[in-house]
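Colleague: Please take me through the labels attached to this structure, and set each of them against the rule behind it.

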Amino acid sequence: YDLSTDEWTTLTSAPGSSGNNGGAAYINGNVYVNYTSGGSISVYNIAADEWSTLPSSPSFGTGNMTSEGDFLYIIDGYDFQRLEVSTGIWTTLSSPIDYFDDWGGISIYNGYLYGHSGNGSSTFQRYDLSEDSWEVLPSLPSGAVLGAAIDNINGVYYTYGNYGGNNLYAFDIENNTWSVT
């Protein structure tokens, strides 16, 4: 959508179908996409309006993905991987303490990856990027579903749920507390 002209432009269609859900992360002008239905990770180059597929991607079926710098992070169950985009090298990282369902959410803030297990679960944990270690954090007030975002200015992790619900959950990272808005 172009704000200046108030017009939509049709872009190249993604290869494959999400079926239901998926995750996406932005790195250096590219959007990396993975669907809960499984398969390869697709990459959309914004400037070229072209899609490609990562040649060596694990076959994850999860929406739990995020990025920081040149790294793409993806979690499926207890399998936690990091891709260094510039080299194409995948690294297996320490397994999370609690299982990540395909419909959870992860996001990075100040050297930590925060994540909720998803699919109606209330478990919440964080991963220390420099120490390759996990810790359990206070549980969500109720179950959450696919998706997460971080407010980098105020240090708040957001997610929503439960199925059929309309709760927006906010985790204040500094105070280590949840609220429902």
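Colleague: Why is Tyr78 called partly exposed?

Modeller: Buried means under 20% relative accessible area, exposed over 50%, and partly exposed in between (1.4 Å probe, protein chains only); because Tyr78 has a relative accessible area of 43%, it counts as partly exposed. This is a predicted model, in which local features need pLDDT of at least 70 and side-chain atom pairs count only at pLDDT 80 or more, while totals for chains, interfaces and linings use all residues. Residues are numbered from 1 along each chain as its sequence is written, and side-chain values use heavy atoms, with hydrogens and water left out.

Colleague: What makes Tyr78 and Tyr99 an aromatic pair, and of which kind is the pair?

Modeller: The structure holds 16 aromatic pairs, a pair being rings of Phe, Tyr and Trp (its six-membered ring) whose centres lie within 6.5 Å, with planes under 30 degrees apart counted as stacked, over 60 as edge-to-face and the rest as tilted. Tyr78 and Tyr99 lie 5.4 Å centre to centre, with 70° between the planes, so the pair satisfies the distance limit and is edge-to-face. The pair links distant parts of the chain, 21 residues apart, with Tyr78 in the loop between strand 6 (71-76) and strand 7 (79-84) and Tyr99 in the loop between strand 8 (89-92) and strand 9; strands here are DSSP runs (E, at least two residues), numbered from the N terminus. Tyr99, at 44% relative accessibility, also counts as partly exposed.

Colleague: What kind of aromatic pair do Tyr112 and Tyr114 form?

Modeller: Tyr112 and Tyr114 are 6.3 Å apart, centre to centre, with 55° between the planes, so the pair falls into the remaining class and is tilted. Its two members differ in cover, because Tyr112, at 23% relative accessibility, counts as partly exposed, whereas Tyr114, at 1%, counts as buried.

Colleague: How do you know that strand 10 pairs with strand 9 and with strand 11?

Modeller: Two strands pair if DSSP finds at least two bridges between them. Strand 9 (residues 105-109) and strand 10 have five bridges in the antiparallel sense, and strand 10 and strand 11 (residues 124-128) also have five, again antiparallel, so both cases meet the rule. Tyr109 stands opposite Tyr112 in the first case, and Tyr114 stands opposite Arg126 in the second. Strand 10 (residues 112-116) is also mostly covered, with four of its five residues buried.

Colleague: What makes the contact of Arg126 with Glu135 a salt bridge?

Modeller: The rule asks for a side-chain nitrogen of Lys or Arg within 4 Å of a carboxyl oxygen of Asp or Glu. The closest N and O atoms of Arg126 and Glu135 are 2.8 Å apart, so the contact qualifies. A search of the whole structure finds one salt bridge. Arg126 counts as buried because its relative accessibility is 18%, while Glu135, with a relative accessible area of 34%, is partly exposed.

Colleague: What is unusual about the backbone at Asn28 and Asn119?

Modeller: Most residues other than glycine have a negative phi, and most peptide bonds are trans. Asn28 has a positive phi of about 45° and lies in the loop between strand 1 and strand 2, whereas Asn119, in the loop between strand 10 and strand 11, has a phi near 55°. Asn28 is exposed, because its relative accessible area is 60%, and Asn119, at 33%, counts as partly exposed. As for peptide bonds, the one from Gly161 to Asn162 is cis, with omega near -20°, and Asn162 lies in the loop between strand 14 and strand 15 (167-172).

Colleague: What makes strand 13 and strand 16 the edge strands of their sheet?

Modeller: Four strands form an open, antiparallel sheet in the order 13-14-15-16. Strand 13 (149-151) and strand 16 (177-180) each pair on one side only, and that places them at the edges. Strand 13 is joined to strand 14 (residues 156-161) by three bridges, with Ala149 partnered by Tyr158.
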